[in-house]
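Biologist: Before I use this model at the bench, I should like to hear the reasoning behind the terms applied to it. Please begin with the whole protein and then turn to its parts.

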Amino acid sequence: MAGTTDAQDAHREEILDLAIGPVPEWGTGCARDMIATLRSSAEPFPCIFATAAANRGGLRFGFVDDLDDERTWSVLPDILATYLSVYQSISRNTSLVVFFGSGGETVGEWTDDILGYERRFWSLLRYLHDSDGEPWPSDIPTDTDTPGWEFSFRGTPIFVVCNTPAHQRLRSRSSPVFNITFQPRWVFEGLEPHTPRGAAARRTIRERLRRMDKVDSTPLLGSYGDPANREWKQYFLRDDASVPARCPFHADSAGGDVASVGPVVAPALAQAEDAGPRADRNTQIRVLDAEYNPVPVGAVGELFIGELFLGGPPLAWGYLDDPRRAAERFLPDPFSPVPGSRMYATGDLARFRADGEVEFLGPVDRLDRQHARTTSPAGRGIR
């Protein structure tokens, strides 16, 4: 018993040395298991950059108490900012892994499906973006549909990877606890695909992925800067190795505005004959006209997302420290029977197809949308 206690104390001391910020009781086991996975020789982990960080003391850890409670997310920007202020002095092989708990002193549990975790992931990136306080790097495009786009924070381009409990077939993305790994672009300098070391590294990664995963994700794993590559597609892979048709994160050239769209193509779970709202577990997806009436199948309208409030995290009620933008996008939901419900105006034109999927047609003209809202019927509860 004494030997077990000593080993546990030693593990905790190691994690405390590698942690940025406080380590909750549940956090020690998460970090210990992560290190063991990355150091395993029985089943080598695919990302050789992360394994090198684990073997050479380059890993750093952060902890957020509750994935479902946005109030606890306030520590995340500080954790990432602290790491970015020192990462070049840690090791050329370095990564930051942030674990998210389930509230209190409990370890994270499997509380959602893959799309629910996907929404949280992109919400967390948007939260970091809104909390950044520094301009988007001038040498990184703001259009996610370009090969040079990459998530950035405090002026640093960062490769991001998310692992969740809902990943089962894609074992390289599976974790008992929801976590996000941040790897600064600096880590990959000198390992570009045209270099011998870079080409060898990518061959090793792809071979390990083929052995570990039950579904082939390699077609999505491109190289940064490659004309055919879109970096965001590697951040969160669904368990069938698919991604949304359109990036849920957007930073525009006018100053890094962020728009949220949720799942881009939703399954046809509850599309009514009268073109009413469609349900995707906790989410209502609607296509409405200028007066906020549902449009028929095939007709073009603006895409709105509203929460059903039947469990799971509710739709956020606004943007952090930006009440003007929140008032424009987070609107009272006149279709919900639940008092206080909100729906989110995505700013995208869309239409329901006959097969129940949502087809995106591009952004709504902002002036047209603003005019439509000022003339919408007051009885619908839209202001």
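Modeller: Of the 383 residues of the protein, 53% count as buried. Please bear in mind that this is a predicted model. The protein has eight helices and eleven strands. Its accessible surface comes to about 17300 Å², and carbon and sulfur atoms hold 53% of that surface.

Biologist: What share of the contacts between residues at least 6 apart in sequence joins residues at least 24 apart?

Modeller: The share is 63%. A contact here requires heavy atoms within 4.5 Å.

Biologist: What makes strand S2 mostly covered?

Modeller: Strand S2 spans residues 95-100, and six of its six residues are buried. Ser 95, Val 97 and Phe 99 point one way from S2, while Leu 96, Val 98 and Phe 100 point the other way. The residues pointing either way are all buried. A residue is called buried when its relative accessible area is under 20%.

Biologist: Why are strand S1 and S2 said to pair?

Modeller: Two strands pair if at least two bridges are found between them. S1 (residues 59-64) and S2 share six bridges, in the parallel sense, and therefore they meet that cut-off. As one example, Val 64 has Phe 100 in S2 as its bridge partner. Between the two strands, the chain crosses from S1 through helix H4 (residues 75-90) to S2, a β-α-β crossover that is right-handed.

Biologist: In which sense do S2 and strand S5 pair, parallel or antiparallel?

Modeller: S2 and S5 (residues 179-184) pair in the antiparallel sense over four bridges. Leu 96 has Phe 182 as its bridge partner in S5.

Biologist: Why is Arg 154 called partly exposed?

Modeller: Its relative accessible area is 32%. Buried means under 20% and exposed means over 50%, so Arg 154, at 32%, is partly exposed. Arg 154 is located in the loop between strand S3 (152-153) and strand S4 (156-163). Although Arg 154 is not a glycine, its phi is positive, about 50°.

Biologist: What makes a positive phi worth a remark in a residue other than glycine?

Modeller: Most residues other than glycine have a negative phi.

Biologist: How do you know that Ala 241 is buried?

Modeller: The relative accessible area of Ala 241 is 11%. The cut-off for buried is under 20%, and therefore Ala 241 counts as buried. Ala 241 also has a positive phi, about 65°, although it is not a glycine. Its place is the loop between helix H6 (196-212) and strand S6 (278-280).

Note on methods. Residues are numbered from 1 along each chain as its sequence is written. This is a predicted model: local features need pLDDT of at least 70, side-chain atom pairs count only at pLDDT 80 or more; totals for chains, interfaces and linings use all residues. Side-chain values use heavy atoms; hydrogens and water are left out. Buried means under 20% relative accessible area, exposed over 50%, partly exposed in between (1.4 Å probe, protein chains only). A crossover is right-handed if, with the strands pointing away from the viewer, the path from the first strand over the helix to the second runs clockwise. Accessible areas come from the Shrake-Rupley method with a 1.4 Å probe; for residues, only the protein chains shown count as cover.
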